[in-house]
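Student: Could you take me through the aromatic residues of this protein, one close look at how their rings meet?

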Amino acid sequence: GELALALGHAAGYQSAGTVEFLFSDGEFYFLEMNTRIQVEHTVTEEVFGVDLVVEQLRVAQGETLSETAHAEPQGHTIEFRINAEDPSRGFIPTPGTLVKYREPGGPGVRVDSGVVQGSTISQYYDNMIAKLIVTGRDRDEAIARARRALLEYQIGGVDTTIPAHLYILDNEDFLEGRLHTNLVDNTMDFTGIERATAPALPEEDA
């Protein structure tokens, strides 16, 4: 956080933005800065209790940041992208109609979505169905809530990434925090995940 703020100050940047780093052997390495809010902004919102979209609009209108923008981080948050993809076949897109759709709820569970039962996931655009965001007092509680919420999520008509998320939540390296960029590629095999039965969306007329 301190490094991200220092970079923003040095560049004279005054808006919402995302600074990305790689972390290895106790050192941070600058990767890139995106001058916009990214899809993972919900994690920051939950941990800091700040609506980043509102804060970005305040800055754009020449207003000062709200007091909540200076909050201290609390708890642990994990975001899951619920995509129409088939994990058993290399996460290829599986567009189609959501013949069943029911979101989970409960303490520490947030779902950001733009779909309802009957919505169509097109092959021409991003195949994201929703973002599931879970928050707990610590990482263990967040993982427990995530597992419950993923199991409660009901989606029919397309394959989704939910089984892959549940598979990852049972991975010993993930649970112990031994994370690295090749964790999925090197240690996880999703080929045995059972597929949904509904066919993919047929090609639309040009």
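Tutor: Happily; here is a walk through the aromatic rings and their surroundings. This is a predicted model, in which local features need pLDDT of at least 70, side-chain atom pairs count only at pLDDT 80 or more, and totals for chains, interfaces and linings use all residues. Residues are numbered from 1 along each chain as its sequence is written, and side-chain values use heavy atoms, with hydrogens and water left out.

Rings of Phe, Tyr and Trp (its six-membered ring) pair if their centres lie within 6.5 Å; planes under 30 degrees apart are stacked, over 60 edge-to-face and the rest tilted. That rule gives five aromatic pairs. Among them, F21 and F28 meet edge-to-face, with 5.9 Å between centres and 75° between planes. Ring pairs join F21, F28 and F30 into a cluster. Another edge-to-face pair is Y101 with Y153, at 5.8 Å centre to centre and 65° between the planes. Y101 belongs to strand β7 (residues 100–102) and Y153 to the loop between α4 (139–152) and β11 (154–156), so this pair links parts of the chain 52 residues apart; helices (H or I, at least four residues) and strands (E, at least two) are DSSP runs, numbered from the N terminus.

Buried means under 20% relative accessible area, exposed over 50%, and partly exposed in between (1.4 Å probe, protein chains only). Y101 is buried because its relative accessibility is 11%, and Y153 is buried at 5%. F21 is partly exposed, at 27%.
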